[in-house]
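Colleague: I have a set of questions about helices, rings and backbone angles. Could you take me through them one by one?

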Amino acid sequence: MFYVQSYISNVSFPTTLEELYEYARSFNLEMLLGCDFDRMEDGYEERTNLWTAPKWCKKGDVVFFMHAKTAGQKISCLRNLLLSERSNCTNDQFWLMMNALIRAKKLYKIYGGKIFAIGRISGELEYLPHDEEYKYHWKSSIYAPLDSIFLLETPIDISEFNQKITVSRQSSITPLFGDDFEFIKKLILSKNSIVEDYLLNSVAEPMPLSKINDDNWITVVNKYRRSFFLEIQFRTFYVNRLLKYLGDIKTIYKECPCKKEQAPSTTFVDNVIKLNDKYLPVEIKLSVSAERNISAQLKSYCGLNILMLDNGRDVHDCVYSNNVLVIDTESIYIYNDIDESMDKVYDLDDIQSYEDISVLRNVIIEELQARNI
């Protein structure tokens, strides 16, 4: 069985006439029904098969697509608004939007308030900022690539699971863990004789955090693919233990103040460790690729006039001044402030023992030396 995280992606509907006109030729729902990713849902060119996703999802995670129950009301409201503002449209514009609404209403009667498809995250997250001149009915700028979209022969109506699972009204994402995942999975299997193997072979059992200790942390966390819902969990149950064995000493300095002469405010780096007799800033993320302008954040930890450890000692004279170690749930990177680059130096999948951490330590030291010749 494959341990995954899972969620319901609630596919909504445009909320303005401007957005309706933009999507009149193909709504997000229709892209899924036709598995047509030639046209990106947010209009970005050369971006295919991307869909909004939570920051905590990972490659291999399972998505259940649902057409929002509230879409019907939005369709009706937009129809009334379009009729009232017909004089402000050309004839072609009016009928393009009206025909789209008629089509949307028919689709809603079939799929409204139902889980109608499943999909699988196929790669790393991406942060794609919205065009400021255009307002979208979704707020997230985090996207994930999808593959193996599978349309259910028999969709699952919300009435069959809403007493157990509450679909979020504040977000398009409803996490499904443990029993909730199994409940939806069994519902789908009871009504659909054919489904993708990735659903059949997946388990969304939460990581047993209370059972993780210093003896088993590598084995347990890797078994669950380092699938942490919160960054603080990732730090507490994995990174803190990793850093103790990575540094010269087991002391890890946390939330260390960083001050640059030209910067008006103090920033705080997640951790500092001592590595090869120098202090190295360390920043922790769930997913580096989903971060907005991470280079600017990392840059604030370089070229410091003050780097204060949590014991109040300033060590800026003995620090890797141009580098930051960055760790997310997939890999380890080194940021180089000279050219503002961030290079992956190690995959966390390759850490299966304490011997592997020793190898990682040597790799990082060598990489840092090569960047500071």
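Modeller: The questions below go through a predicted model.

Colleague: How many Å apart are the end C-alpha atoms of helix α5?

Modeller: Helix α5 covers residues 179-191, which is 13 residues. At 1.5 Å a residue, the helix should span 18 Å. The model agrees with that, because the end C-alpha atoms are 19 Å apart.

Colleague: Are the buried residues of α5 on the same side or on opposite sides?

Modeller: Take the buried set first: Phe 181, Ile 184, Lys 185, Leu 187 and Ile 188. An α-helix has 3.6 residues a turn, so residues three or four places apart point the same way. The buried residues of α5 cover an arc of only 160° around the axis, which puts them on the same side.

Colleague: Which residues are exposed on the other side of α5?

Modeller: Exposed means over 50% relative accessible area. On the other side of α5, the exposed residues are Asp 179, Lys 186 and Ser 190.

Colleague: How is the aromatic pair of Phe 177 and Phe 229 classed?

Modeller: The structure holds 16 aromatic pairs. In the one formed by Phe 177 and Phe 229, the rings are 5.5 Å centre to centre, with 85° between the planes. Planes over 60 degrees apart count as edge-to-face. The pair of Phe 177 and Phe 229 is therefore edge-to-face.

Colleague: How many residues apart in sequence are the parts that this pair ties together?

Modeller: Phe 177 lies in the loop between β8 (173-176) and α5. Phe 229 lies in the loop between α7 and α8. So the pair ties together parts that are 52 residues apart in sequence.

Colleague: Is Phe 229 buried, partly exposed or exposed?

Modeller: Buried means under 20% relative accessible area, and exposed means over 50%. Phe 229 is at 31% relative accessibility, so Phe 229 counts as partly exposed.

Colleague: Which residues form a nonpolar patch on the surface, with about 250 Å² of accessible area together?

Modeller: Phe 229 is one of them. Its place is in the loop between α7 (217-223) and α8 (231-246). The full patch is Phe 229, Leu 230 and Ile 232.

Colleague: Trp 217 and Tyr 354 also form a pair. Which of these labels fits each residue, buried or partly exposed?

Modeller: The ring centres of Trp 217 and Tyr 354 are 6.3 Å apart and the planes are at 65°, so this pair is edge-to-face. Trp 217 lies in helix α7 and Tyr 354 in helix α10, so the pair ties together parts 137 residues apart in sequence. Tyr 354, with a relative accessible area of 31%, is partly exposed. Trp 217, at 1%, is buried.

Colleague: Which residues form one aromatic cluster?

Modeller: Trp 217 and Tyr 354 are among them. The cluster is Trp 217, Phe 228, Phe 234, Tyr 238, Tyr 245 and Tyr 354.

Colleague: Which residues of α10 are buried?

Modeller: α10 has 18 residues and reaches 26 Å from its first C-alpha to its last, close to the 26 Å expected. Its buried residues are Asp 356, Ile 357, Leu 360, Ile 364, Ile 365, Leu 368 and Arg 371.

Colleague: Arg 226 and Asn 293 each have a positive phi of about 50°. Which of these labels fits each residue, buried or exposed?

Modeller: Most residues other than glycine have a negative phi. Arg 226 lies in the loop between α7 and α8, and its relative accessible area is 2%, so Arg 226 is buried. Asn 293 sits in the loop between β12 (278-284) and α9 (294-299). At 52% relative accessibility, Asn 293 counts as exposed.

Notes. Residues numbered from 1 in each chain as written. Predicted model: local features only at pLDDT ≥ 70, side-chain atom pairs only at ≥ 80, totals over all residues. Heavy atoms only, no water. Patch = residues over 30% accessible without salt bridge, like charges linked within 9 Å, V, L, I, M, F, W, Y side chains within 5 Å. Areas by Shrake-Rupley, 256 points an atom, 1.4 Å probe, with all protein chains shown as cover. Salt bridge = Lys/Arg side-chain N within 4 Å of Asp/Glu carboxyl O. Helix = DSSP H or I, 4+ residues; strand = E, 2+ residues; numbered from the N terminus. Expected span 1.5 Å × (residues − 1). Buried < 20%, exposed > 50% of the residue type's maximum accessible area, 1.4 Å probe, protein only. Arc of directions from axis to C-beta. Phe/Tyr/Trp six-rings, centres within 6.5 Å; stacked < 30°, edge-to-face > 60°.
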